[in-house]
Structure formats: structure tokens, C-alpha cells
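Reader: I would like to go through the terms used for this entry and see what each one rests on. Where do we begin?
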Amino acid sequence: MTRIYNFNAGPAALPLSVLEQVQEEFLDFYGSGMSITEISHRSKWFDDVIEDAVGRVKRLLGLNEAFDVLFLQGGASMQFCMVPMNLLPQGASADYVNTGTWATKAIKEAQIQGKSVNVVASSEDKNFSYIPAKMTFNPDAAYVHITSNNTIKGTQWASFPDTAGVPLISDMSSDILSRRFDPSAFGLIYAGAQKNLGPAGVTLVIIRRDMLERVPADLPTMLKYTTFVEKNSMFNTPPCFAVYVVQLVLKWLEETAGGLDKIEAANREKAALLYALLDESDFYSGTAEKQSRSVMNVTFRLPTEALEAQFVEEALQNGMGGLKGHRSVGGCRASIYNATPLEAVETLVDFMKEFARKNG
Ligand SMILES: *Cc1c(COP(=O)(O)O)cnc(C)c1O
């Protein structure tokens with residue numbers, strides 16, 4: 001068996017020890033004589049899994065009693081429509097900041113519903129290569145929606161904007177649990193699991209309880225946040241396997257990786273190695289503006305598209321995969337989420353230096 005260093009943007013690398021544990025207990029889950037994929041979601045076994053996962057999310061992020069933690073389906077993309085459906089009343093409007101592909105999609109889903117959206121800032125003028133610094137929020141907005149990390153464009157909010165009491169809502173799909181932040185300003189946070197939390201198929205939603213008062217009574221049951229809050233994410237069959245792997249990743253984050261502050265320091269160290277190389281190089285050029293650079297997704301170009309293709313190919317031959325940029329932007333991208341070890345980034349940096357020497 002040969003495992004590569006995996007720089008995929010999502011689904012993405014998981015901690016090896018988690019994968020090994022999944023393998024080890026796959027046929028007989030905690031003495032049940034059944035696989036996690038075979039047991040009832042109404043069983044004590046699964047109850048323990050989801051309870052433990054919820055508890056760990058709350059501990060890791062420092063969430064108080066005001067927040068509920070949910071595991072939903074439909075991906076982050078489903079949240080693009082559920083957020084305005086549940087939390088943006090007719091007659092009110094919401095502020096959105098457009099920082100890239102995912103934010104654009106979130107805006108579109110609100111508009112499809114005929115909801116009133118104010119795009120208070122956008123970085124589209126420079127191909128979303130930066131996070132806007134100045135914006136004025138509407139004091140009576142229902143919420144302010146941002147995308148904390150722009151997976152495709154390689155930009156990230158370094159700190160969150162002051163919305164003067166208007167609830168912040170963030171798509172944190174690609175940087176959830178990568179750094180510490182103050183959750184108190186947030187009305188809702190969502191994240192598809194497959195970037196930084198686990199396998200595809202489950203979406204983490206953190207909702208502040210006062211937001212639930214807005215949920216209209218006439219929504220379909222499966223599209224209401226209240227349904228899942230009342231039933232502890234088990235109104236219908238949850239994606240048991242995905243939730244279980246997320247639970248193991250959270251346990252790894254708390255007990256092996258040392259918690260949020262440690263992982264944040266490790267993430268910053270990894271990103272700094274790559275950005276230092278981009279800055280000193282005449283061969284590679286970073287595509288995100290410096291003050292907006294993502295700690296999770298490092299996007300860069302080589303002098304020609306032919307060299308980019310050769311780079312991706314040769315990297316794979318050398319045991320490093322997933323370095324091709326998103327199909328919508330081209331170039332190269334190294335996604336270096338929580339589970340990417342420092343040695344993977346060190347190996348990549350060495351390879352990049354050697355590649356530049358040979359081809360520059
Ligand atoms: C990947 C990604 C999405 C889409 O997630 P799905 O789970 O595929 O719907 C949305 N937002 C961001 C920031 C992402 O990185």
C-alpha cells in the first residue's frame with residue numbers, strides 16, 4: 001500500500017489514525033456484531049456517536065447553551081437555500097458579501113426565492129482575489145452572510161466584520177475548526193464535512209436558538225431547522241457513517257492534535273512555508289492578495305499553463321496529489337486542511353523548489 005500526500009480541496013485528506021480506526025472497527029462496532037453501516041440510528045450505539053460529536057463541537061468552539069449543533073444532509077449547497085428560507089422573512093432584506101464562487105451561489109439561492117438581498121461588498125472586480133476591507137451593513141438587515149474561506153480563490157477573512165448586532169451567518173465549509181474565533185456574533189454557521197471535518201454526506205450546522213423564532217410554519221418539514229433541533233438531527237435517518245467519521249475526526253482534533261489553538265498554530269506554520277516560497281520565487285506567483293491569503297487553500301500560478309500541467313503530473317509521480325486548481329480558475333492549488341501533516345507541506349515545498357530550478 002502506498003498512500004500519497006493528498007492536497008485535494010474536498011473531499012480531502014483525513015487523519016491516517018482515523019482511517020485506521022474506521023477500518024479496525026468496521027465489521028464489529030463496539031461489540032454490536034454489526035458494522036456502523038448496519039446498526040439502527042435509534043440504537044444506543046449511534047446515540048453515543050452523535051452525542052459525543054455534538055459535545056466535541058461545542059467544546060472545541062466554545063459554544064454556550066445558546067447554540068444547537070446539527071448534522072444535516074444536502075451539503076453546504078443546501079444551506080444556501082435553507083438559510084434565506086428559514087431566516088429571511090418576506091419584507092425584510094439580508095446583506096451578503098460576495099467573495100467568490102460559493103458566495104455567488106448563496107446569493108443566487110436567496111434571489112431565486114424572491115428574497116431581498118443587498119450585496120454590500122464584492123471582490124468580483126479583481127477576480128475575487130481579495131476580501132473587501134470596507135463595507136456598510138444595513139442596521140435592519142435580517143442577517144449578514146459571508147464565506148469565511150474561499151476554497152476556490154484562496155482567500156480568507158482574517159477577522160470577522162463588526163455587524164453591530166446583526167447576526168452573522170457564515171459558510172465555513174473549508175475552514176471550520178481550523179482556528180479560534182468568537183462565536184457570539186454568529187446566528188448560524190454551516191460547513192459541508194468533506195473539507196475539514198470528515199467524509200462527504202453530512203453538513204454541520206450551528207444555530208443560535210433565537211434564530212429559530214424566525215422559521216416559518218409553512219415550510220416543508222425537511223427544510224426547517226426546527227425539525228432537526230427538536231429531533232436532535234434524527235427526524236429521519238441521518239448519514240450515520242459520515243457522522244461517525246466526523247466524530248472520530250473531532251476526537252482526533254481534541255485528543256491527538258491538541259485542540260483548536262494547537263491546530264491553528266500548525267495550520268499557520270504550514271501556510272507560511274508555502275507563502276514564503278511564493279514570495280521569494282520568480283517562477284511561482286500567488287493569486288490572492290497578501291492580506292487576504294487563505295491558511296487552508298494556497299492558490300498559485302506557474303509561468304505557463306503547460307508548465308502547470310507538467311507540475312501537477314510530476315508532483316503526482318512524486319507522491320503528491322490534488323494540486324490542480326479548480327476547473328473554473330485553472331492554475332494550481334494546495335489545500336492544507338487540519339489533517340495535512342507538516343511533512344506533507346515540507347515535501348511539497350522541496351519539490352516546488354526543485355521543479356523551479358529545473359524548469360525556470
Ligand atoms: C465545497 C464548498 C461548498 C459546497 O459544498 P457541498 O457540500 O458540495 O454543497 C460550499 N461552500 C464552500 C466554502 C465550499 O468550500
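Author: With residue classes: Asp, Glu, Lys and Arg count as charged, ten residue types from Ala to Pro in the definition as nonpolar, and the others, Gly among them, as polar. The model is predicted. By these classes, the shell around the ligand holds three nonpolar, eight polar and two charged residues.

Reader: Which residues of the shell come nearest to the ligand?

Author: S77, T151, D171, Q194 and K195 come nearest, out of 13 residues around the ligand. Helix α3 (residues 75-87) gives the largest share of the shell, four residues.

Reader: What makes the approach of K195 to the ligand a polar contact?

Author: A polar contact is a pair of N or O atoms within 3.5 Å. A polar side-chain atom of K195 is 2.6 Å from an oxygen atom of the ligand, so the pair meets the cut-off. The side chain of S77 also has an N or O atom 2.6 Å from a ligand oxygen, and for A76 a polar backbone atom lies 3.0 Å from one. The protein covers 87% of the 390 Å² of accessible area that the ligand has on its own.

Reader: How do you know that β11 and β12 pair?

Author: Pairing requires at least two bridges between the strands. β11 and β12 (residues 297-301) have two, in the antiparallel sense, so they count as paired. G286 stands opposite F300 in β12.

Reader: Why are β11 and β14 called edge strands?

Author: The open sheet has three strands in the order β11-β12-β14, with antiparallel pairing. β11 (285-286) and β14 (332-335) each have a single partner strand, so one side of each lacks a neighbour in the sheet.

How values were computed
Residues numbered from 1 in each chain as written. Predicted model: local features only at pLDDT ≥ 70, side-chain atom pairs only at ≥ 80, totals over all residues. Heavy atoms only, no water. Near = heavy atom within 4 Å. Polar contact = N/O pair within 3.5 Å; in protein donor to acceptor, adjacent residues only side chain to side chain. Areas by Shrake-Rupley, 256 points an atom, 1.4 Å probe, with all protein chains shown as cover.
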